[in-house]
Structure formats: structure tokens, C-alpha cells
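Good morning, everyone, and thank you for making the time. Please have the structure open in front of you, and we will go through a few of its helices together.

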Amino acid sequence: TFKSENSVVWSDSMNARKKSYWKYTQNLKKSRLYTNWITENPDYLPLKYRPKINASDTAVLIEQKANQADLRYREDISLMRHYAARHERKTAELDQVVTEQAVSQGLDECTIEEIKRMWEEEVKHQENISEQLWKKREDFLTRKKDEDGPYRARNTVNQLTLDSHFTPTSADLYKSSTIKLRTGTPVNADTCNDWRRN
């Protein structure tokens, strides 16, 4: 059969497509997930993006770090979309390799259509595996989001209100037990220490 006679081309193309489709799926769906998070819940930022706040940081520096973290998060979303588009194109190109091989061998139209059917059947199976893998990854990321809790450092200076009337310093951010966000959520010294550890 064509598949057995062209096993190397078939196997190499299918393996390359499997990897490319997984990268396409992962980047596309992760970009959508991250976009939903920043749109629906601006108080959340994945742990790996959160800036490290030091005791010596001024309020202005803390705000700059928070803004840079937000920008890096958005830039990564843009990169994910770019990578998704690139792997989508590569996947489409790989879908043509086997067909082109069959045409180059002068096979009749019926045989080529049967080869396409076999290829599409195997492709569907691999895509289902990728979708299942992504579902597990999405569940993990969502669970991690719930465990991390809301992010409270973004635009710190603009969002903080204090019970006492003074301009916050880095020491105040660490020591005050009555710091509140614009949303009214209290933030204590332990929370600030969590920022530093992250």
C-alpha cells in the first residue's frame, strides 16, 4: 500500500504535524485563557509574572514594577497568538506533504482520495489527543489561579487608600496593617511579604 511503501514520509510528516498542532493548540488556547483572565479579573496576574517587591523599594518603583509586569503579561499574550498562527500555517503545509507525494508518483484520483481519507482519520485522532492534553493543562492553570489568589500590586500607588493620611513608603507598605485596595480588600504585612517571596 501507499502508506507502507512511503512509511518514512508518512511517519515523519505525521509526527511533525502532531508537534506543530500541539504548539498551535497550546499557544492559541493559552492566549485566550490569559486574555479572559486580564479582561474579567484585572486583580489577577499569574504568579510567574508578579514583580518581586523589596523592602527598600519606593512606592514609585513598586508602581513601575507592577506596570512592567502587566506589560510583559500582555506582550506574552501577543507572542502566543503569533506562535499559534505560525504553527497553524505549518500544520496546513504538512497536510499537503503526503498528498503531494502521492501525486508525484502518478497515482490515480481515487487512490489519492483514499490516501487523504486515511491521513485525515489519523490526524483527527492526534488532534483529539492534543485537545485532551490541553484540557488537563487548562484545568491545572485554572486550579493554580484559584490557589494563587488575586494579585494586589498592579498600579499600587493608584489603588491604595490608607486609613491614616500620609504618603506611603516602602516601609509603610510592609508594616501597615490597615492598607486597603480601591476594592476595599485589606492587605497586611504578611501579604506584602508574599509579594517579596514571589
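Let us start at a helix contact, keeping in mind that this is a predicted model: from H3, the residues Leu94, Asp95, Val98, Thr99, Ala102 and Val103 meet Ile112, Ile115, Lys116, Trp119 and Val123 of H4. If you sort the residues of this contact by class, you find eight nonpolar, one polar and two charged.

Stepping back to the two helices as a whole, H3 covers residues 59–104 and H4 covers residues 109–148, and they pack at an angle of about 155 degrees with their axes 10 Å apart. Because angles over 145 degrees count as roughly antiparallel, H3 is described as roughly antiparallel to H4. Their crossing is right-handed.

Now, what does H3 look like along its length? H3 has 46 residues, and from its first C-alpha to its last it reaches 68 Å, which is close to the 68 Å expected at 1.5 Å a residue. H3 nevertheless has a kink of about 25 degrees, centred on Val98, and Val98 is also one of the residues that meet H4. Just after H3 comes Gly106, which takes a positive phi of about 75 degrees.

H3 has another partner, helix H2, residues 7–40, and the axes of these two helices come within 7 Å and cross at roughly 155 degrees. H2 and H3 are therefore roughly antiparallel to each other, and here the crossing is left-handed. The contact of H2 with H3 has 17 nonpolar, eight polar and nine charged residues.

Methods:
Residues numbered from 1 in each chain as written. Predicted model: local features only at pLDDT ≥ 70, side-chain atom pairs only at ≥ 80, totals over all residues. Heavy atoms only, no water. Axes fitted to C-alpha atoms, helices over the stretch in contact; angles between N-to-C directions. Helix = DSSP H or I, 4+ residues; strand = E, 2+ residues; numbered from the N terminus. Parallel < 35°, antiparallel > 145°, perpendicular 65-115°, else oblique. Left-handed = near helix turned anticlockwise from the far one by under 90°. Contact = heavy atoms within 4.5 Å. Nonpolar A, V, L, I, M, F, W, Y, C, P; charged D, E, K, R; others polar. Expected span 1.5 Å × (residues − 1). Bend = angle between axes of the 7 residues up to and from the residue.
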